[in-house]
Amino acid sequence: MNFFAIQAIYRFEMARTFRTLLQSIASPVLSTSLYFIVFGSAIGSRIQEIDGIHYGSFIVPGLVMLSLLTESISNASFGIYFPKFNGTIYEILSAPVTMWEVVIGYVGAAATKSLMLGILMLFTASFFVPIRIDHPFLMVFFLVLTCISFSLFGFVIGIWADSFEKLQMIPMLVITPLVFLGGSFYSIQMLPSFWQRVSMFNPVLYLVSGFRYSFFERADVALSVSITMILVFLSVCLFVTWLIFRTGYKIKN
């Protein structure tokens with residue numbers, strides 16, 4: 001394992017984050033604050049509690065997960081797409097670096113940035129609503145696993161994309177709607193039975209539900225199912241990444 005190569009890629013990506021603090025950190029935090037103001041005040045005045053939990057507190061896990069998913073994908077996809085765009089990817093491919101060292105460097109940096117952002121958002125949320133975390137270790141487990149999984153997914157998207165439009169298409173047109181429809185701002189128990197069954201096909205539901213369980217011990221699906229789903233998703237992303245480097249898909253041509 002070439003730790004110098006991993007460190008070089010990791011430090012370069014982290015340095016890019018600190019050069020763009022306004023875009024990388026301040027913008028997501030400001031957006032989350034606006035969500036709390038709009039949903040916490042406007043909707044929270046009509047929905048006081050869900051499952052005995054104050055509505056403002058109830059939406060905290062969903063808001064954090066919304067930001068984690070979108071930022072993890074965006075950070076990792078842009079990190080690998082930009083070297084493809086300006087041609088420096090060939091320097092990495094010609095260097096004595098294995099595929100997994102490249103993946104660890106880029107995905108590790110993207111996951112670190114997303115994890116920092118998630119912790120910062122939890123800190124920001126504490127200024128708006130009371131936060132209770134019943135299972136802190138489980139919360140950290142979900143934070144880390146989600147950041148790694150979706151950073152890896154973003155890495156795959158960055159390799160697949162051949163334009164900036166495609167780079168933004170999956171986060172904006174797929175991930176964001178799935179998060180909004182995955183019980184981020186409500187419990188699926190509030191839906192009619194038909195739509196409850198439909199919601200079970202939304203993979204993001206299992207992430208939000210498991211993450212919310214670590215806060216309030218309330219979940220729409222079993223905790224074991226949530227953990228299994230994210231581990232399956234991580235395994236699929238690892239396999240697709242291995243397949244891409246194995247075949248050289250959109251890298252060597």
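## Salt bridges, spans and nonpolar groupings

Arg132 has a relative accessible area of 43% and is therefore partly exposed. Its salt-bridge partner is Asp134, and the closest N and O atoms of the two are 3.0 Å apart. Asp134 is also partly exposed, with a relative accessible area of 30%. The structure described here is a predicted model.

**Salt bridges**

The model holds 3 salt bridges in total. The pairs are tabulated below.

| Pair | N to O distance |
|---|---|
| Glu13 and Arg16 | 2.6 Å |
| Arg132 and Asp134 | 3.0 Å |
| Asp162 and Lys166 | 3.3 Å |

Glu13 and Arg16 are placed in helix α1, which runs over residues 3-19. They are separated by 3 residues, about one turn of the helix. Both side-chain partners belong to buried residues. Buried here means under 20% relative accessible area.

For the pair made by Asp162 and Lys166, the setting is another one to describe. Asp162 has a relative accessible area of 48%, so it counts as partly exposed. Lys166, at 27% relative accessibility, is partly exposed as well. As a general matter, side chains of opposite charge can pair when their charged atoms come close.

**Annotated transmembrane spans**

An unreviewed UniProt entry carries the annotation "transmembrane region" for residues 20-43, 55-82, 102-125, 137-161, 167-186, 198-215 and 221-245. Two of these spans can be described from the coordinates. Residues 55-82 are 96% helix and 0% strand, and 40 Å separates the C-alpha atoms at the ends. In residues 167-186 the helix content is 70% and the strand content 0%, with end C-alpha atoms 29 Å apart.

**Nonpolar core**

The largest nonpolar core has 65 residues. Those touching the most other members are Ile59, Val60, Val64, Leu69, Phe155 and Phe211. Helix α7, residues 136-160, supplies the largest share of this core, with 12 residues.

What does Leu69 touch, once residues up to four places away in sequence are not counted? The contacts of Leu69 are Thr146, Phe150, Ile175, Val179, Val204 and Leu207.

**Nonpolar surface patch**

On the surface, Met1, Phe3, Trp100, Ile104, Leu238, Phe239, Trp242 and Leu243 make a nonpolar patch of about 810 Å². Helices α6 (99-125) and α11 (223-247) are the elements that give two or more residues to the patch. The greatest contribution is that of α11, with 4 residues.

Leu243 is a patch member that lies in helix α11. Is Leu243 buried or partly exposed? Its relative accessible area is 37%, so Leu243 is partly exposed. Patch residues must have over 30% relative accessible area, and the 37% of Leu243 is therefore enough on that count.

**A positive phi in a loop**

Glu217 sits in the loop between α10 (203-216) and α11. The phi angle of Glu217 is near 55°, which is positive although the residue is not glycine. Most residues other than glycine have a negative phi. With a relative accessible area of 38%, Glu217 is partly exposed.

Key:
Residues are numbered from 1 along each chain as its sequence is written. This is a predicted model: local features need pLDDT of at least 70, side-chain atom pairs count only at pLDDT 80 or more; totals for chains, interfaces and linings use all residues. Side-chain values use heavy atoms; hydrogens and water are left out. A salt bridge is a side-chain nitrogen of Lys or Arg within 4 Å of a carboxyl oxygen of Asp or Glu. Buried means under 20% relative accessible area, exposed over 50%, partly exposed in between (1.4 Å probe, protein chains only). UniProt positions are given in the numbering used here, feature names are shortened, and annotations may be inferred rather than shown by experiment. Patches are made of residues with over 30% relative accessible area and no salt bridge: like charges are joined within 9 Å, nonpolar side chains (Val, Leu, Ile, Met, Phe, Trp, Tyr) within 5 Å. Accessible areas come from the Shrake-Rupley method with a 1.4 Å probe; for residues, only the protein chains shown count as cover. A nonpolar core is a set of buried Ala, Val, Leu, Ile, Met, Phe, Trp, Tyr and Cys residues joined through side-chain atoms within 4.5 Å. Contact means heavy atoms within 4.5 Å.
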